Amino acid sequence: MKTPGSQSSLHRANLERVVRAVRLAGSLTQAEIARTTGLSAATVSNIVRELKDGGTVEVTPTSAGGRRARSVSLSGDAGIVIGVDFGHTHLRVAVGNLAHQVLAEEAEPLDVDASWVDGFDRAEALVTSLIESIGVSRDKVIGVGLGVPGPIDGESGNLGSTSILPGWAGINPRQELSQRLGVPVYVDNDANLGALGELVWGSGRGVKDLAYIKVASGVGAGLVINGEIYRGPGGTAGEIGHITLDESGPVCRCGNRGCLETFAAARYVLPLLQGSHGPELTMERVVELARGGDPGCRRVITDVGRHVGSGVASLCNLLNPSRVVLGGSLADAGELVLAPIRESVGRYAIPSAARQLSVLTGSLGGRAEVLGALALVLSEMGDSTLLGGFQEPVLLHSVR
């Protein structure tokens, strides 16, 4: 019988520590694994050799600091993960392996008023199509990450009330997709997944505390604290769009007045310009026109930036993040929107917090959420699945 302090239990724990470090990072040198796990270089070398012989990891030559090194990543044959992102007007699906490589990706329009049954039918069909396109067996799928544009109840897993997908309120998206695909499903809202995507693959790499601000049909934030998404006990952390800017302002969909969202979200901003620019105007077109010099569109984007900056300043004062990443359609405006955001932060945030903050646009664009869905699976899946074929060592030896 294994006891908690037995040599075999310690060895298994160290195997899992190494696999987890590599799984979360995508790839690490052996020296980086040692620093991340706290294990000795000799122990890491032995474990990497064992994992390589068992087909769990791949080792490739690389360089670090001008010196030769060995990069360790999970084997491309160890399994695949799937990301599904339901947006305001689209469905996007991506397939990746455990080495953080995206193998296939596709998006298609989704009618916002479509029923949830139709939405999941189309998601299931697109997942099946992409798996077949890369020639991988379906039993290689380890898990699915699912993004939805609304709050997820932390206890029930049900989708909360949302004006973006009103017909979906009250359903359990995790259970629905899991029953269809027969694999574990991990679900989160789109802002949190955007934060994860930028943290792992984009503009958030290398930091542990950041806020991903998504400005689109609504305004939300994904908060990363000490390297992990912070959701709050009810799953509603990051609702920056409902910070009150003006108690006498427009009535918001949440029932309050003057929320940030009523000054920045597309549904409130576009009517300001549709009289002069036509009823078919979109935020993407506003950004395009602003970049081309249109004075009305530039003014509106500047105003939105100032309002978003007020909300970011509040985040700075409360959480003191080191980086804010702007996503959504507004991010393509670049410095046209970043400059007024920084101006408001400088005006309203505590000076020490403002000095430590960098504000930049996301580098993943519309892919941030679906890549975040892949990252969600990679962060939530257990390591035991990857080590199922490993036997405990017969001979006792030091692993510290």
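**Sheets, helices and a cavity in a predicted model**

Strands β2 and β3 pair in the antiparallel sense over eight bridges. Two strands count as paired if DSSP finds at least two bridges between them. Strands (E, at least two residues) and helices (H or I, at least four residues) are DSSP runs, numbered from the N terminus. The model is predicted, and local features need pLDDT of at least 70, side-chain atom pairs count only at pLDDT 80 or more, and totals for chains, interfaces and linings use all residues. Residues are numbered from 1 along each chain as its sequence is written, and side-chain values use heavy atoms, with hydrogens and water left out.

β2 and β3 form a hairpin with two residues between them. Gly 65, in the turn of this hairpin, has a positive phi of about 65°. Within the pair, Thr 60 has Ser 71 of β3 as its bridge partner. Both strands belong to an open sheet of three strands in the order β1-β3-β2, with antiparallel pairing. Its edge strands are β1 (27-29) and β2 (57-64), each of which pairs on one side only. On average, neighbouring strands of this sheet are turned by 30° against each other, direction ignored. Axes are lines fitted to C-alpha atoms, for helices over the stretch in contact, and angles run from 0 to 180 degrees between N-to-C directions.

On the other side of β3, three bridges join β1 to β3 (residues 67-74), and these two strands run antiparallel. Ser 27 stands opposite Ser 73 in β3, and Thr 29 stands opposite Ser 71 in β3. Ser 71 thus faces a partner in β1 and is also the bridge partner of Thr 60. In general, strands of a sheet pair through backbone hydrogen bonds, either parallel or antiparallel.

Two helices lie across this sheet. Helix α2 (residues 30-37) lies across β1 and β3 and runs at about 95° to β1. Helix α3 (residues 41-53) lies across β2 and β3, at about 135° to β2. Contact here means heavy atoms within 4.5 Å.

Leu 74 has its place in strand β3. Leu 74 is buried, with a relative accessible area of 0%; buried means under 20%, exposed over 50% and partly exposed in between (1.4 Å probe, protein chains only). Leu 74 and Asn 97 are 23 residues apart in sequence, and their C-alpha atoms are 8.5 Å apart in space.

A second open sheet consists of five strands in the order β6-β5-β4-β7-β8, with mixed pairing. Strands β6 (102-109) and β8 (185-189) stand at the edges; each has a single partner strand, so one side of each is left without a neighbour in the sheet. Neighbouring strands of this sheet are turned by 15° against each other on average, direction ignored. Seven bridges join β5 (residues 90-97) to β6, and the two run antiparallel. In this pair, Gly 96 has Val 102 of β6 as its bridge partner.

Helix α5 (residues 173-181) packs on the five-stranded sheet and touches β4 (80-86), β7 (141-148) and β8. The direction of α5 makes about 145° with that of β8. Helix α14 (residues 368-380) lies across β4, β5, β6, β7 and β8, running at about 135° to β4.

The model has one cavity of 30 Å³ or more. On a 1 Å grid over the protein atoms alone, a cavity is a set of points where a 1.4 Å probe fits but cannot get out, and lining residues have an atom within 4 Å of a point. Grid points are joined across faces, edges and corners, and a volume is the space filled by probe spheres set on the points. The largest cavity has a volume of about 30 Å³. Its lining is made up of Ile 82, Val 127, Ile 131, Arg 138, Val 141, Leu 181 and Val 183. These residues divide into six nonpolar, no polar and one charged. Ala, Val, Leu, Ile, Met, Phe, Trp, Tyr, Cys and Pro count as nonpolar, Asp, Glu, Lys and Arg as charged, and the others, Gly among them, as polar.

Most residues other than glycine have a negative phi. Asn 226, which is not a glycine, has a positive phi of about 55°. Asn 226 is found in the loop between β10 (219-225) and β11 (228-230), and is exposed, with a relative accessible area of 56%. Asn 320 also has a positive phi, near 55°. Asn 320 lies in the loop between α11 (295-319) and β12 (323-327), and at 37% relative accessibility counts as partly exposed.

Notes: On a 1 Å grid over the protein atoms alone, a cavity is a set of points where a 1.4 Å probe fits but cannot get out, and a pocket is an open set with protein on both sides within 12 Å along at least five of seven lines; lining residues have an atom within 4 Å of a point.
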